[in-house]
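Colleague: Could we go through this model together, one question at a time, with the reasoning spelled out for someone new to structures?

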Amino acid sequence: MSTASAGSTVAPDFLAPDFFDSEQVITCHDRATGLRAVIAIDNTTLGPGFGGTRWRPYATPEAAVIEAQRLAAAMTLKHACADLPYGGAKSVILADGPAALQGDERRAALLAFGEFVARTNGAYIPGVDMGTTPTDMRVIEERGGRAFCDEVDPGPYTARGVYAAMRAGVRHALQRDMDGVRVVVQGTGQVGASLARFAAADGAILSVADIDGARAQALADELGANVVDPHEAPFTDTDVFAPCAVARVLTADNASRVRAQVVAGAANDTLDSAEAGEALRAAGITVVPDFVANAGGVIQVHAGVVGWDESTLAEALEQIGGRVDGILAEAQERGVTPEQTARDLAAQRLTKAAN
């Protein structure tokens, strides 16, 4: 369980957190709009908690709380590894009523959520995530709180960073560039589609998968790619598997079915456990830590905050590849998983900041 509570410098592990693992968990209910939401602030050692607002269905309220905490802990790792001055946080809006809202009703729900954000007094800064948009962030800000991603969608920048991470993984495992490398992209939303385009432009042989078959086919037609079953995508015979959709797609139970040599994608929580990572390492599969690979979006947000120009931002996104190079080399030298190496790096930076 995560032990990254107030003042803690210990990097959280893979297990689902309990309700006391975060610095603060806030449940939000607005009766007028039907809004139900959760704000989880995992660790503010490095700065205010920053993490996106996810709007989706959950099986139970408890599942929403756990996901908010788990994703907030991942944001702590992401910001620490990227050396950014933010803590880890996340929020979720339960899509059991307001999810389908549009127009004035959606706006009312977001204004209610913005009130809860403002009450954190800057300890939590929301941003775009699954189911929310820059327009939504501007509505949230109307209640006096701060929000990021209110002008620029960070998705394309996330894809650029993931591609830099993918190239680093291919260099490490295959000792080659991307020309002719077989890549399976699972999830063809904005980030996954952009990632596929980057790989195709460098001569990769693409296969794509999505639960929305029409969307996958449209991207395949554009790029001259194949379409594969989204449920079988992790187990396709390929060089690189790029998960850009659901979390925890690789588990201790299915690791033996993975046939890729490199795993590098945009999805959060690619592995369900440390055991899954160990099984993949034992099979000779290079897994790029997702919270390192997908940091491009938060780097772009920070670039806007501090006023970087485009060339400085582009260099910072490419540095994700260099960061991955170092993590993979150290993991190989130590005989541990890249995930463990990256978590250790995050813990070191949290400890340094706390002292």
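Modeller: A pocket is an open set of grid points with protein on both sides within 12 Å along at least five of seven lines, and its lining residues have an atom within 4 Å of a point. Please keep in mind throughout that this is a predicted model.

Colleague: Which residues lie nearest the centre of the second largest pocket?

Modeller: The second largest pocket has a volume of about 230 Å³, and its lining divides into 6 nonpolar, 6 polar and 1 charged residues. Of the 13 residues that line this pocket, those nearest its centre are His-172, Arg-281, Ile-285, Thr-286 and Gln-332.

Colleague: Which element gives the most to the lining of the second largest pocket?

Modeller: Two elements, strand 12 (286–287) and helix 10 (310–334), each supply at least two residues of that lining. The element that gives the most, with 3 residues, is helix 10.

Colleague: How many residues of the lining of the largest pocket are charged?

Modeller: The largest pocket has a volume of about 1,200 Å³, and among the elements that each supply at least two residues of its lining are strand 4 (53–56), helix 1 and helix 9 (296–306). It is lined by 45 residues, with Arg-54, Asp-129, Met-130, Val-191 and Cys-244 nearest its centre. When the lining is divided by type, 19 residues are nonpolar and 17 are polar, and the number of charged ones is 9.

Colleague: Is helix 1 largely enclosed by the rest of the structure or largely open?

Modeller: A residue counts as buried when its relative accessible area is under 20%. In helix 1, 17 of the 21 residues are buried, so this helix is largely enclosed.

Colleague: How far apart are the end C-alpha atoms of helix 1, whose 21 residues should span 30 Å?

Modeller: The expected span of a helix is 1.5 Å times one less than its number of residues. For the 21 residues of helix 1 this gives 30 Å, and the model agrees with that expectation, since the end C-alpha atoms are 31 Å apart.

Colleague: What kind of aromatic pair do Phe-50 and Tyr-86 form?

Modeller: The structure holds 4 aromatic pairs. In the one formed by Phe-50 and Tyr-86, the ring centres are 5.7 Å apart and the planes stand at 75°; because planes over 60 degrees apart count as edge-to-face, this pair is edge-to-face.

Colleague: How many residues apart in sequence are the parts that Phe-50 and Tyr-86 tie together?

Modeller: Phe-50 lies in strand 3 (residues 49–50), whereas Tyr-86 lies in the loop between helix 1 (61–81) and strand 5 (87–94). Both residues are buried, and the parts that their pair ties together are separated in sequence by 36 residues.

Colleague: Which residue joins Phe-50 and Tyr-86 in one aromatic cluster?

Modeller: Tyr-86 also takes part in an edge-to-face pair with Phe-148, at 5.8 Å centre to centre and with 75° between the planes. That partner lies in the loop between helix 3 (134–141) and helix 4 (155–174), so this pair ties together parts 62 residues apart in sequence. The residue that forms one aromatic cluster with Phe-50 and Tyr-86 is therefore Phe-148.

Colleague: Is Arg-31 buried or exposed?

Modeller: Arg-31 lies in the loop between strand 1 (24–30) and strand 2 (35–43). Its relative accessibility is 74%, and because a residue over 50% falls in that class, Arg-31 counts as exposed.

Definitions and conventions. Residues are numbered from 1 along each chain as its sequence is written. This is a predicted model: local features need pLDDT of at least 70, side-chain atom pairs count only at pLDDT 80 or more; totals for chains, interfaces and linings use all residues. Side-chain values use heavy atoms; hydrogens and water are left out. Rings of Phe, Tyr and Trp (its six-membered ring) pair if their centres lie within 6.5 Å; planes under 30 degrees apart count as stacked, over 60 as edge-to-face and the rest as tilted. Helices (H or I, at least four residues) and strands (E, at least two) are DSSP runs, numbered from the N terminus. Buried means under 20% relative accessible area, exposed over 50%, partly exposed in between (1.4 Å probe, protein chains only). On a 1 Å grid over the protein atoms alone, a cavity is a set of points where a 1.4 Å probe fits but cannot get out, and a pocket is an open set with protein on both sides within 12 Å along at least five of seven lines; lining residues have an atom within 4 Å of a point. Grid points are joined across faces, edges and corners, and a volume is the space filled by probe spheres set on the points. Ala, Val, Leu, Ile, Met, Phe, Trp, Tyr, Cys and Pro count as nonpolar, Asp, Glu, Lys and Arg as charged, and the others, Gly among them, as polar.
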